[in-house]
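Please open the model in a viewer and keep the selection panel at hand. The tour proceeds by selections, each followed by a description of what is found there.

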Number of protein chains: 2
Amino acid sequence: MRVFAALADWGTTSFRLWLVDRGGAILGERRSGEGMTTAAGEPGGFAGVLERHLAALGAPADLPVVACGMVGARQGWAETPYVETPADTATLAAGAVAVPGIARRVFILPGVCQRQARFFDVMRGEETQILGLDTGRARALVCMPGTHSKWVVVADGQLTGFATFITGDLFAAIAGHTILKHSIAADQLDFDKDAFVSAVRAGFERPAEITNRLFAVRATGLLDPAAEPDPAATLSGLLIGLELAGVESRFGHLEGRAVGLVAAGKLAARYALAFRTLAIGAIEADGEAAVRRGLLAAASTILKRP
Amino acid sequence: MRVFAALADWGTTSFRLWLVDRGGAILGERRSGEGMTTAAGEPGGFAGVLERHLAALGAPADLPVVACGMVGARQGWAETPYVETPADTATLAAGAVAVPGIARRVFILPGVCQRQARFFDVMRGEETQILGLDTGRARALVCMPGTHSKWVVVADGQLTGFATFITGDLFAAIAGHTILKHSIAADQLDFDKDAFVSAVRAGFERPAEITNRLFAVRATGLLDPAAEPDPAATLSGLLIGLELAGVESRFGHLEGRAVGLVAAGKLAARYALAFRTLAIGAIEADGEAAVRRGLLAAASTILKRP
């Protein structure tokens, strides 16, 4: 099998690299924590990080690289302006920026921005993953939970709209920097499913009461600690329930609907449990395979250029 | 006029002391930043702080002191267990704790807790202020905005229920410790009223979308900075609007209702503007006079004891 390109998913805190053939078969793979935040400070900067990993895989000197993610942000390697919704992999390929001033051909895919819906929104990296999912021709709703959860509408290979919810970011800020820091132990080992499920319901059913309900976590801990056995699970459930209420407000009724869920590990388990709690169907998808497919589709278009 | 007692409003970060006669006329007054957080570390601890201020006013050695606020918390001077709702000034007087091991008679009034309503809740200090308001016999709703905004129902001198919203706490955590920290300038001088008013409406009308709307503050700043002229005002408006949506969910329809507003300075102006935006009537009250009246009422009961 002949190596066709290197594909990189280069986010804020992580770096993943694959050598692939024209059909997408993996010929080599590297992963590290050298995300946008640290790569700029490494020897040789972004180029140094990339070349070291390519050398480790024995990649040819003229192998082109196609990357997506925060590496294309203003604070990244080479700013790649957002393209607008609706977008497909051809749009991403057309908006790719070739990194200037280096010998190797490195293309960074653009993020996607939205100016037409109720709220302005942006993403960088998730668009490539979403467009690598096989969601078919019908309108699909996909959830990518995280620090900034993305909910994306995709239909027939077109990303048509999305909304970002800062659920994970808010969890960390509340757990670490509000009155709730006195309630949430950093070393909580067990995860109380009942507390989480009940909080998901509360956050979903009464979103308006969230800032009152947050104080109740603290007050219950003072008055009747047994009634609040796992404040971290409660906080997580409340914020995920709130997110789901927001998604319903933005994208319509969720109960009984089948929603794509692109996540791994603890986060995947937590969202799957939240979905079950609210009778939302989950179609779990492999995010890594998806981003590779999205990168490959864009690479095939870009590298066909004369 | 003969001095009857010293009254102290002793919170987390502030200390206020008044010498009063039996009718509540002020014979001397002191204020400082020696709240619960710092008083414990001062020479002589809480007693040292109190005696220095009493000495500065020439208070007699046998003058009794009645205090309220966080000084009665577990981390305070002498823990004073919460009394339960419903509570009036007689309940506060009955629950007062005499500080042990000192020559002077110092009584700390209890906070109030709530176990009967939808959420457990607690307050320390606000109960004394609320019960010092002249709200008449009818059921009144009173707003005390702040780090932890208290909304209190009082009827005929009885505090019957309340709810805490961590609005100010959340503002600081979001502005300082989430993606929004890149949008919010610490030295913003002008306050954009239009941005605030529009955000109050958005937070109130679509509370479920709050975590999405928060990301939009950042995304709008990236895509069209002119459309988000004052991110701090927007964040403040969103969270106050969200609080008001929660209050409506807990205590019923707000439009056209007259609500007591106990606040000062910038916070009072901001809540008054939010009230006007949503056609809520504001009856502004003097919080300092109220806490003195509440303390005096409790002191009159306590000091009548044989």
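Begin in chain A of this predicted model by selecting Ser236(A), Ile240(A), Glu243(A) and Leu244(A) of helix 8, which meet Arg270(A), Tyr271(A), Ala274(A) and Phe275(A) of helix 9. By class, this contact between helix 8 and helix 9 of chain A comprises five nonpolar residues, one polar and two charged. Now display the two helices in full, helix 9 of chain A being residues 265–277: the packing angle is about 60 degrees and the axes are 11 Å apart. Helix 8 and helix 9 of chain A are therefore oblique to each other, since the angle lies neither under 35 degrees nor in the range from 65 to 115. Their crossing is right-handed.

Next, move to chain B and select helix 6 (residues 193–205) with helix 9 (residues 265–277); these helices pack at about 60 degrees, with 10 Å between their axes. Helix 6 of chain B is thus oblique to helix 9 of chain B, and the crossing of this pair is right-handed. To see the contact itself, show the side chains of Lys193(B), Phe196(B), Val197(B), Val200(B) and Arg201(B) on helix 6 of chain B, and those of Arg270(B), Leu273(B), Ala274(B) and Thr277(B) on helix 9 of chain B. Five of these residues are nonpolar, one is polar and three are charged.

Remain in chain B and select helix 7 together with helix 8. Here the angle is about 170 degrees, and the axes are 10 Å apart. Because that angle is over 145 degrees, helix 7 of chain B counts as roughly antiparallel to helix 8 of chain B. Helix 7 of chain B contributes Ile210(B), Arg213(B), Leu214(B) and Val217(B) to the contact, while helix 8 of chain B contributes Pro231(B), Thr234(B), Leu235(B), Leu238(B), Leu239(B) and Leu242(B). The contact divides into eight nonpolar residues, one polar and one charged.

For the last stop, show both chains and turn to the interior space. How many cavities of 30 Å³ or more are there? The count is one, and the largest cavity holds about 80 Å³ of space. Select Leu170(A), Ile210(A), Leu242(A), Leu170(B) and Ile210(B), which lie nearest the centre of the largest cavity among its 14 lining residues. Helix 5 (167–177), helix 7 (210–223) and helix 8 (231–251) each give two or more residues to this lining, in chain A and in chain B. Colouring the lining by class shows 12 nonpolar residues, two polar and no charged ones.

Conventions. Residues numbered from 1 in each chain as written. Chains lettered and ligands numbered in written order. Predicted model: local features only at pLDDT ≥ 70, side-chain atom pairs only at ≥ 80, totals over all residues. Heavy atoms only, no water. 1 Å grid on protein atoms, 1.4 Å probe; cavity = no way out; pocket = protein on both sides within 12 Å on 5 of 7 lines; lining within 4 Å. Points joined across faces, edges and corners; volume = space filled by probe spheres on them. Helix = DSSP H or I, 4+ residues; strand = E, 2+ residues; numbered from the N terminus. Nonpolar A, V, L, I, M, F, W, Y, C, P; charged D, E, K, R; others polar. Axes fitted to C-alpha atoms, helices over the stretch in contact; angles between N-to-C directions. Left-handed = near helix turned anticlockwise from the far one by under 90°. Contact = heavy atoms within 4.5 Å.
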